[in-house]
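Student: I'm new to this structure and would love a close look at one part of it. Could you walk me through a group of charged side chains and how they are linked?

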Amino acid sequence: MSEEENYQNPERVSEVRPKKLADVVKFLVIINILVFLAQLYLDNNGFGITETFALFSFESEHFAIWQLVTHMFLHGGYLHLFLNMFILWMFGSALEYVWKPKKFIFYYFFTGIGAALLHGAVTMFTISQLESEVNDYKQDPSYSAFSEFVHEEIGELPETVPQQARVLQEMHELEEKWAEDPENEAYARRSEELMQGYLQFHINRPSLGASGAVFGILLAFGFLFPNQPVYIYFLFPIKAKYFVIFLGALELYVGVFEENNVANFAHLGGMIFGFILVKIWGEKPRI
């Protein structure tokens, strides 16, 4: 059976009636699950899969060019994996039937790599700003400046701090000790070391997950089928075009105004590169 017999080019999302499961989507879901299981096992046994294949900032000594692709197959937990694969299956299947496998997989990797590039560019900018702050602090270290940095830049710590983020806990602990003796020179020298450690923490902070490509898929679905209802929490309907606009605005707002562990600009990058590609292809909205 030829590819043309299995895949059609419907004008309505309701006309997507595949004769078999979407091949590329099925492959991507399976390989992501298998890689995640391997990641859990190998990382727990000291093989450092995340350190080798997650995406690091361009300034990091751990960065390698293949990470622009390999980071898309690693995930930060079961929920992270489930959400990405659920969205990929739900929305990606329709796109694969519309575009056929080769076009769909090109779009998937184009948006995933584009997301990584935008995330890397934004990370370079934020790290350069942080480096400037750290250098200024080291010129004149003081308790007041250190305390302000800890409370405004780091904020409250979670109940459990992972080993790679140990510097955050150490900065909080020093701030508490230093408050009792603000003129202590030893604390001042230690604060310089921790500020440098905080900079290195951000430089060597990995990003991982298929979210950039998944957000690109959401953009394409909203563009091709703008009036198709999407059900928030399976209950509240909203047209796909408005859902995509809301997601884009939310990612931009959170990325600019809030500090969190989510690569919001990677999500936004997937949508931006997806929009560019569908416009280059001359795609038109379906009914």
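**A network of charged side chains**

Tutor: Happy to. Let's begin with R166, which counts as partly exposed because its relative accessibility is 31%. Please keep in mind that this is a predicted model, and that a residue is called partly exposed when its relative accessible area lies between the buried limit of 20% and the exposed limit of 50%.

The partner of R166 is E170: the two form a salt bridge, with their closest N and O atoms 3.7 Å apart. Why can such a pair form? Side chains of opposite charge can pair when their charged atoms come close. Here the helix helps us follow the layout: R166 and E170 both belong to helix α8, residues 166–179, and because they are four residues apart there, about one helical turn separates them. E170 is also partly exposed, since its relative accessibility is 24%.

Now follow E170 to another partner. Its side chain meets that of R190 in a salt bridge, at 3.3 Å from N to O. This pair joins two helices: E170 sits in α8 while R190 sits in α9, residues 185–203, so the contact ties together parts that are 20 residues apart in sequence. With a relative accessible area of 34%, R190 is partly exposed.

From R190 we can take one more step, to E193. These two residues form a salt bridge as well, and their closest N and O atoms are 2.9 Å apart. Both lie in helix α9, and because they are three residues apart, about one helical turn separates them. E193 counts as partly exposed too, because its relative accessibility is 48%, and the cut-off for exposed is over 50%.

Put the steps together and you have the picture: R166, E170, R190 and E193 are linked in a network of salt bridges. E170 takes part through R166 and through R190, while R190 also reaches E193. For the wider setting, the structure holds four salt bridges.

Note on methods:
Residues are numbered from 1 along each chain as its sequence is written. This is a predicted model: local features need pLDDT of at least 70, side-chain atom pairs count only at pLDDT 80 or more; totals for chains, interfaces and linings use all residues. Side-chain values use heavy atoms; hydrogens and water are left out. Buried means under 20% relative accessible area, exposed over 50%, partly exposed in between (1.4 Å probe, protein chains only).
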